[in-house]
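Dear colleague,

I am passing on the structure below, together with some notes on what I found when going through it. Please read them with the coordinates open beside you.

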Amino acid sequence: MSNVFNPKSEIFKNPAFGSMEEYKNLVEKFDTDYEGTWASFADEKIDWFSKYDTVLDESNAPFYKWFEGGKLNVANQCVDRHLATKSNQTAILFEADNGESEHITYGELAIRVNKTANMFKNEYGISKGDRVVIYMPMIPQAAVSMLACAKIGAIHSIVFGGFSSEALRDRIIDAQAKLVVTADGAYRKGKPYMLKPVVDKALESGCECIKNVCVVKRNNEDITWVEGRDTDYATMFENQSEEFAAEPMDSEDPLFLLYTSGSTGKPKGVQHSTAGYILWAQMTMEWVFDVKSEDTYWCTADIGWITGHTYIVYGPLAAGATTVMFEGVPTYPDAGRCWKMVEKYKINQFYTAPTAIRLLHKMGEDEPGKYDLSSLRILGTVGEPIDPPAWKWYYEEVGNSNCSIVDTYWQTETGGHMISPLPAATPIKPACATFALPGIVAEIIEADGSAVQTGEKGFLCITKPWPSMIRTIWNDDERFIKSYFGDCKKDGKPVYFSGDGAMMDEEGYITITGRTDDVINVSGHRIGTAEIEASVKKCEAIAANAVVGKPHEIKGEGIFAYVVLKDPDSISKEDLIKEINKILKADIGAIALCDDIAIVPDVPKTRSGKIMRRILRSIAKGEEITQDTSTLEDPSIVGVIENIVKG
Ligand code: PRX
């Protein structure tokens with residue numbers, strides 16, 4: 001084998017998998033008895049209030065049901081059940097933007113969750129099944145609010161704090177939420193920023209479902225206050241009881257919704273279950289991060305993304321570890337911030353996105369060397385393909401060539417990791433997600449289910465249901481079937497298609513090759529081109545547009561728009577970018593800004609009027625055009641656009 005890095009076994013004590021043989025044995029066990037093996041983990045890991053009757057119900061596929069008849073509560077699984085042994089252990093270690101820290105023990109967390117659950121119930125009338133939108137910065141109250149919802153059985157829908165009022169409004173309306181939990185704002189790079197005004201704007205129209213807004217005063221900046229609707233978290237929280245009986249939830253009751261972009265129109269409310277989700281969150285925490293009770297683990301994601309849900313809050317707490325929550329940004333006050341925190345808290349596992357690694361590499365190549373990072377055992381990456389130079393720096397400079405890198409492949413829809421190295425077992429190849437985890441049947445196939453040759457690209461499908469999979473799209477079962485079970489079949493049966501391409505090498509290692517649909521991955525965040533195009537179209541001067549991803553040094557992919565003007569000389573390129581970005585910022589948020597545009601006379605269309613995005617993608621990437629252009633209405637347009645883009 002070439003370019004393979006073996007795990008340093010001496011840094012692991014009792015890992016879940018100590019060798020590839022152990023990995024293969026479990027894969028085989030799942031092969032022989034899929035349901036029985038899942039059941040054995042459900043029995044071992046979950047603190048059931050009452051046990052399930054069936055393991056997997058496939059009778060209404062693809063609406064699979066796991067552990068039907070079982071009762072449990074995720075807040076109990078993450079907090080209460082640990083109290084007998086871990087009451088004084090830090091559950092959440094919060095570091096503020098200014099470097100101050102707060103240690104919240106499991107005992108204290110239990111009290112805060114109960115008081116918040118009482119507050120939601122008594123002051124805002126939240127009960128089982130109600131939707132609560134959380135629009136929060138990275139502060140402990142965000143995690144506490146999630147767990148309080150879980151304790152009541154309310155369904156939370158977290159909206160990332162970088163989304164605009166329009167995006168927030170759409171998500172509130174789609175979920176018909178009753179309550180918004182937010183903050184006046186928080187701190188970033190030493191300065192206050194605001195969130196509450198965005199909520200106020202979102203609620204101006206169409207959100208009659210919202211009865212109350214619960215506001216954490218974090219930065220104490222001036223905000224407007226709507227009497228009768230807005231309430232102060234701290235005041236409401238103060239006099240609540242410290243006891244709250246956890247709602248016994250059915251295994252299949254929804255735990256949360258999380259909106260994500262698809263290749264068409266509006267975002268989809270991905271709905272996750274209770275038992276299957278928390279089981280896999282905990283198992284992958286133990287398998288992939290080798291997390292032990294005494295470990296301090298840090299995932300730098302925001303709780304507004306699935307990574308923050310599964311691997312800042314639910315997974316680490318279910319596994320009984322100490323999870324770090326960080327308000328600030330990795331480059332403030334300098335590009336050594338993360339490494340300083342690793343040294344200060346003796347962090348054992350560090351999990352971040354390739355975008356952050358590229359940025360830290362570029363801005364602070366030598367920073368890791370200034371700190372004692374010897375506590376680290378595992379370095380994780382997620383969200384997008386990592387490029388070999390960033391991987392090498394991460395491995396050598398951050399990990400001192402001693403840590404295992406886990407390149408974890410998964411999605412909002414999968415709930416937890418699907419393909420990833422096991423840190424003490426898997427010989428890793430740089431920038432490669434390696435193998436499917438035991439219990440996950442990942443196959444690279446053609447759309448009809450036929451095999452793809454070794455080294456060739458194919459569609460990445462998960463061909464058996466797994467416990468933490470998406471259950472449906474909120475209020476849209478049809479879109480759920482169409483989006484995930486409409487494209488690929490295996491043995492004539494629809495199977496889950498991830499939307500990603502992948503290939504396998506001769507040793508069975510899986511490399512993710514990226515999205516095959518019209519979704520762009522900007523800094524590890526999924527943005528549908530259709531959503532961006534709908535906004536760009538609002539720009540007065542624009543007659544038509546097509547948006548694609550273009551390689552970007554830091555973000556991985558940036559947003560590139562081809563625009564056709566109504567009047568070619570009406571506006572300069574610079575002014576047009578400003579106009580477009582103003583609209584995108586208002587409609588979606590700052591994460592969706594265009595990096596560059598090309599003003600073109602037309603976009604390549606088939607005779608039936610379909611825009612050939614693949615050609616535009618190739619041009620943006622500077623690739624040679626290999627697609628057949630003879631079916632285009634005007635094949636000569638390709639050369640014209642190529643010349644414009646090349647400048
Ligand atoms: O394209 C894949 C990419 O991110 C997408 C999922 O995005 P999202 O639902 O926002 O979740 C991100 C965090 C789990 C996937 O369809 N992706 C995720 N992890 C990897 C990846 N691409 C390459 N390598 C990965 N490790």
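The ligand in this predicted model is surrounded by 17 residues, and the closest of them are Asp407, Thr408, Thr412, Asp500 and Arg515. By type, the residues of this shell divide into 6 nonpolar, 6 polar and 5 charged, and at least two of them are supplied by each of helix H11 (306-318), strand E20 (404-408) and strand E26 (510-515).

As for polar atoms, an oxygen atom of the ligand lies 2.5 Å from an N or O atom in the side chain of Asp500, while the corresponding distance from a ligand oxygen to an N or O atom is 2.8 Å for the side chain of Arg526 and 3.4 Å for that of Asn521. On its own the ligand has 540 Å² of accessible area, of which the protein covers 96%.

Turning to the protein interior, the largest nonpolar core has 127 residues, and those with the most contacts inside it are Leu109, Phe120, Trp287, Tyr314 and Ile419. Helix H10 (residues 275-288) contributes the largest share of this core, namely 10 residues. A second core, separate from that one, has 44 residues, including Ala177, Leu195, Ile588 and Cys594.

Ile419 may deserve a look on your side, since neighbours within four places in sequence aside, Ile419 is in contact with residues including Asp407 and Thr408, both of which are also among the residues closest to the ligand. Other contacts of Ile419 include Ala433, Phe435, Leu437, Leu460, Ile510 and Ile512.

With best regards

Terms used. Residues numbered from 1 in each chain as written. Predicted model: local features only at pLDDT ≥ 70, side-chain atom pairs only at ≥ 80, totals over all residues. Heavy atoms only, no water. Near = heavy atom within 4 Å. Polar contact = N/O pair within 3.5 Å; in protein donor to acceptor, adjacent residues only side chain to side chain. Areas by Shrake-Rupley, 256 points an atom, 1.4 Å probe, with all protein chains shown as cover. Helix = DSSP H or I, 4+ residues; strand = E, 2+ residues; numbered from the N terminus. Nonpolar A, V, L, I, M, F, W, Y, C, P; charged D, E, K, R; others polar. Core = buried A, V, L, I, M, F, W, Y, C linked by side-chain atoms within 4.5 Å. Buried < 20%, exposed > 50% of the residue type's maximum accessible area, 1.4 Å probe, protein only. Contact = heavy atoms within 4.5 Å.
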